[in-house]
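Here's a quick briefing to read with the model open. We start with charged side chains, then go on to strands, the helix, rings and cysteines.

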Amino acid sequence: MTTQTAWPENVIARYLTVAGATVDLTHRDETPDGKKKATRAVCTGCKAATAKPWADSYPNYGRPGVTEFQNQDAGDRAARRWAQEHAESCRALAAHPAPVIVPEPQAEPESKRRLWLPTRRTKTA
């Protein structure tokens, strides 16, 4: 039996592979302005990945050409299909995250020692 772990941030779906790794689906921007998007699937075992764009179009009969639009459902379906097929055949073990190295606490540095010098004596009458 596998242990339950928290999903990483922005993961919308997760598929379990044969060996216990996961295939995580996320949404991402394809362009810096965010007008084109894609659904991305990444295997945590073998690091295989794919991005299925949301771009879609249909012919525009009112004027020549096509009308382009973002079809999230088509991108999600294609990424889920790829993730399911990959999860059924991937035998790579999940990569463990790198251990966090905690530095040992350092002792506070000693304060600088002052040399003791006697004060000058002044002659008193």
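**Salt bridges**

- Lys37 is partly exposed at 31% relative accessibility, where buried means under 20% relative accessible area, exposed over 50% and partly exposed in between (1.4 Å probe, protein chains only).
- The side chain of Lys37 meets that of Asp29 in a salt bridge, at 2.9 Å from N to O; the term asks for a side-chain nitrogen of Lys or Arg within 4 Å of a carboxyl oxygen of Asp or Glu.
- Asp29 is partly exposed as well, with a relative accessible area of 42%.
- Keep in mind that this is a predicted model: local features need pLDDT of at least 70, side-chain atom pairs count only at pLDDT 80 or more, and totals for chains, interfaces and linings use all residues. Residues are numbered from 1 along each chain as its sequence is written, and side-chain values use heavy atoms, with hydrogens and water left out.
- Searching the whole structure turns up four salt bridges.
- One of them joins Asp24 and Arg14, at 2.7 Å from N to O. This pair links distant parts of the chain, 10 residues apart: Asp24 sits in strand β2 (residues 22-29) and Arg14 in strand β1 (residues 11-16).
- Asp24 is buried at 10% relative accessible area, while Arg14 is partly exposed at 22%.
- Asp73 and Arg77 form another, with their closest N and O atoms 3.1 Å apart. The two are four residues apart in helix α1 (residues 72-89), so about one helical turn separates them.
- Both ends of that bridge are partly exposed: Asp73 has 46% relative accessibility and Arg77 has a relative accessible area of 43%.

**Overall layout**

- The chain has one helix and six strands, taken as DSSP runs (helices are H or I, at least four residues; strands are E, at least two) and numbered from the N terminus.
- Along the sequence, the pattern reads β-β-β-β-β-β-α.
- Of the chain's 125 residues, 20% count as buried.

**Strand pairs**

- Strand β3 (residues 37-43) and strand β4 (residues 49-53) run antiparallel and are joined by five bridges; two strands pair if DSSP finds at least two bridges between them.
- Ala41 has Thr50 in β4 as its bridge partner.
- β3 and β4 make a hairpin with five residues between them, and Lys47 in the turn has a positive phi of about 65°.
- Strands β5 and β6 also run antiparallel, with five bridges joining them.
- For Pro59, the bridge partner in β6 is Val66.
- The hairpin of β5 and β6 has six residues between the strands, and Gly65 in the turn shows a positive phi of about 115°.

**The helix**

- How far should α1 span? At 1.5 Å a residue, its 18 residues should cover 26 Å, and the end C-alpha atoms are indeed 26 Å apart. The expected span is 1.5 Å times one less than the number of residues.
- The buried residues of α1 are Gly75, Asp76, Ala79, Ala83, His86 and Ala87.
- Looking down the axis of α1, you'll find its buried residues within an arc of 100°, so they line one face of the helix. The arc is that of the directions from the helix axis to the C-beta atoms.

**Aromatic rings**

- There is one aromatic pair. Rings of Phe, Tyr and Trp (its six-membered ring) pair if their centres lie within 6.5 Å; planes under 30 degrees apart count as stacked, over 60 as edge-to-face and the rest as tilted.
- The ring centres of Tyr58 and Phe69 are 5.7 Å apart with planes at 50°, so the pair is tilted.
- This pair links distant parts of the chain, with Tyr58 in strand β5 (residues 55-59) and Phe69 in strand β6 (residues 66-70), 11 residues apart.
- Tyr58 is partly exposed at 43% relative accessible area, and Phe69 is partly exposed at 33%.

**Cysteines**

- How many disulfides does the structure hold? The count is zero, with a disulfide being a pair of cysteine sulfur atoms within 2.5 Å.
- Cys46 is in no disulfide, and its nearest cysteine sulfur, in Cys43, is 3.8 Å away. Cys46 is partly exposed, with a relative accessible area of 37%.
- Why is Cys90 not bonded to Cys43? The sulfur of Cys90 is 3.8 Å from that of Cys43, its closest cysteine sulfur, which is too far for a bond.
- Cys90 is buried, at 6% relative accessible area.
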